[in-house]
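Trainee: I am new to this structure. Would you kindly take me through one part of the fold and the loop that belongs to it?

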Amino acid sequence: MISVGYSMYAIPLKIPIPHRSDTKIKQIYIQNKSQLGTGNFFMQLLPRVTMLLQPSNDPQNARRYISSHYDDSDELFANFLSPDMNYSCAHWSGDPDEALESAQKRKVQRLLQKAQISVDQHVLEIGCGWGDVAITAAQTTGCRVTALTLSDNQKRIAEKRVKEAGLEERVRILLQDYRSATGPETNGGYYDRVISIGMFEHVGAEYLDEYFRVISSLLHPGHGVMVIDGITMTHKVSRFVPSAYLRGSNAPP
């Protein structure tokens with residue numbers, strides 16, 4: 001059993017501490033929200049004021065947010081990511097001893113399978129990170145990939161990895177906002193597949209309609225397939241949390 005110190009009181013919570021308690025903090029709050037409440041008036045007001053004062057996630061600000069988050073240090077991310085440098089949520093098997101790299105590979109494999117990519121197709125990846133998904137797609141299916149990022153560091157490292165894999169003719173990494181993306185010159189100006197992993201929670205609530213509208217305009221109307229994997233909230237704890245993780249973000253409900 002545990003007691004949580006909150007607003008200068010000790011509140012007994014009848015929840016056994018799980019084996020991996022670091023992954024259960026939010027669940028503990030959600031299950032005991034009626035007892036814990038939302039804190040004092042200032043703590044309730046702060047997230048709302050923060051959201052009101054936060055600049056819009058327009059293309060210029062989006063570029064600035066991403067640069068401030070990803071372009072400071074390559075070593076920082078290499079220290080806690082798996083060697084494939086996949087940053088978004090892994091797909092775990094449930095085995096507590098599973099390595100992060102294994103769970104990330106499972107995620108990439110599952111999402112590429114859902115996309116049903118064939119060798120003659122052209123894939124657009126929105127938010128490519130350090131390039132692992134684009135590289136894996138080209139290696140396993142023989143397709144072409146155009147991948148977008150707003151981070152100089154991610155583009156540089158992804159291009160280096162593409163070159164090392166010998167995929168320069170199949171994978172192209174662009175420093176470009178999804179809102180300015182255009183279709184390929186071939187295939188009627190459409191992409192056959194659009195993949196976006198760990199991206200749409202950073203779009204911003206006011207831009208979600210535009211995000212899907214852009215994807216719809218780029219995706220082949222006859223046989224196009226879109227695969228999206230991202231963070232949503234089934235229980236809304238605080239809008240301040242995702243914004244603190246990356247400015248301009250907003251996990252959709």
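Mentor: A residue is called buried under 20% relative accessible area, exposed over 50% and partly exposed in between, with a 1.4 Å probe and protein chains only. This is a predicted model, in which local features need pLDDT of at least 70, side-chain atom pairs count only at pLDDT 80 or more, and totals for chains, interfaces and linings use all residues. Residues are numbered from 1 along each chain as its sequence is written, and side-chain values use heavy atoms, without hydrogens and water.

Asn187 lies in the loop between S5 and S6 (strands are DSSP runs of E with at least two residues, helices runs of H or I with at least four, numbered from the N terminus). Its phi is near 60 degrees, a positive value in a residue other than glycine. Asn187 is partly exposed, at 32% relative accessible area.

The strands on either side of this loop belong to an open sheet of five, ordered S5-S4-S3-S6-S7 with parallel pairing; pairing requires at least two DSSP bridges between two strands. S5 (171-175) and S7 (225-229) are the edge strands, each pairing on one side only. From one strand to the next, the twist averages 15 degrees. S3 (residues 122-126) pairs with S4 (residues 144-149) through five bridges in the parallel sense; Leu124 has Thr146 of S4 as its bridge partner.

Two helices pack on the sheet, where contact means heavy atoms within 4.5 Å. Helix H6 (residues 100-115) touches S6 (193-197) and S7, its direction making about 155 degrees with that of S7. Helix H9 (residues 208-218) touches S3, S6 and S7, and makes about 150 degrees with the direction of S7. Such angles run from 0 to 180 degrees between N-to-C directions, the axes being lines fitted to C-alpha atoms, for helices over the stretch in contact.
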